[in-house]
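New to this one? Take a moment to look it over, and then we'll walk through it together.

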Amino acid sequence: MTNSDKAAENVSPMPSSMSILAPAIGWLVPGAGHIIQKCYIRGVLLMASIISMYMIGIAMQGHVYSPNGGDLLDMLSFLGDACAGGLYIISRALDWNPGLITKATADYGSKFIVVAGLLNFISAVDAYHIAIGKKQ
Amino acid sequence: MTQISHFGAAVLFALFASVVFGITQKQTTREMIKYGLQSFAMFVGGVILAGWAMWLLRH
């Protein structure tokens, strides 16, 4: 093997456009990263699960966290919420935050929203793995 | 505002999380279904066990 062959072997291949597009679209719209790669059933199931979880959280008067520099848990909750991508942007834009929380289940709602965001992140990473061929 | 019982919320949580876990953590369809069902059973079983553990601590 010549030096040029070795050099060519060490250079990582250029990322395909899909490896950037799939996780980005998947983050913005839950499940869409799979759908654009023709994994329709998986994409629809992911989309239904994540959107349902997020919307049930909103319906339970869950809190949608905004960027903050206060309590550590609040900061982490914001990160979790932000992972929901388009859902988070819409809920902030339309101000879906409850005014006065009157029920104990509202705390469950907040957790539903955070976990929906985290599940969306896992889904976007999975879309990336499909795009680079690590997973079928 | 949606009113869901504690157990209902836990089952819904288990359902949605299990679907995503099953799809994202395994390679083949068969493995995905198996892992999703296992996750769901573990989530709901854990809720029931934790519920009984809290009941025993209380009494």
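What follows is a short tour of the chain fold, two of its helices, the cores and the contact between chains.

Keep in mind that this is a predicted model. Let's start with chain A. It has seven helices and zero strands, so reading from the N terminus on you simply get α-α-α-α-α-α-α. Of the 136 residues in chain A, 42% are buried. Contacts also reach along the sequence: if you take those in chain A between residues at least 6 apart, 71% of them join residues at least 24 apart.

Two helices of chain A make a handy check on length, because the expected span is 1.5 Å times one less than the number of residues.

| Helix | Residues | Expected span | End C-alpha atoms apart |
|---|---|---|---|
| H2(A) | 12 residues | 16 Å | 16 Å |
| H7(A) | 27 residues | 39 Å | 39 Å |

For H2(A), which covers residues 17-28, the two values agree. They agree for H7(A) as well.

H7(A) is mostly covered, with 19 of its 27 residues buried. After this helix comes Gly133(A), whose phi is positive, near 85 degrees. As for H2(A), its buried residues are Ala22(A), Pro23(A), Ile25(A), Gly26(A) and Trp27(A). What do they pack against? The buried residues of H2(A) pack against helix H3 (32-35) and H7 of chain A.

Now for the inside. In soluble globular proteins, nonpolar side chains tend to be buried together. Here the largest nonpolar core has 29 residues, and the ones with the most contacts inside it are Met53(A), Tyr54(A), Phe112(A), Ala116(A) and Val20(B). Which elements give two or more residues to this core? From chain A they are helix H4 (40-59), helix H6 (86-93) and helix H7 (105-131), and chain B adds helix H1 (6-25). H1(B) gives the most, with eight residues.

A second, separate core has 11 residues, among them Ala22(A), Ile25(A), Cys39(A) and Ala124(A). Ala22(A) and Ile25(A) are also on the list of buried residues of H2(A).

Back in the largest core, Ala116(A) is worth a closer look. Leaving aside its neighbours within four places in sequence, Ala116(A) is in contact with Ile50(A), Met53(A), Tyr54(A), Gly57(A) and Ala84(A).

Finally, how do the chains meet? Their contact takes 22 residues from chain A and 13 residues from chain B. On the side of chain B that touches chain A, 10 residues are nonpolar, three are polar and none is charged.

Definitions and conventions. Residues numbered from 1 in each chain as written. Chains lettered and ligands numbered in written order. Predicted model: local features only at pLDDT ≥ 70, side-chain atom pairs only at ≥ 80, totals over all residues. Core = buried A, V, L, I, M, F, W, Y, C linked by C-beta atoms within 7 Å. Buried ≥ 20, exposed ≤ 12 C-beta atoms within 10 Å, placed from the backbone. Helix = DSSP H or I, 4+ residues; strand = E, 2+ residues; numbered from the N terminus. Contact = placed C-beta atoms within 7 Å. Nonpolar A, V, L, I, M, F, W, Y, C, P; charged D, E, K, R; others polar.
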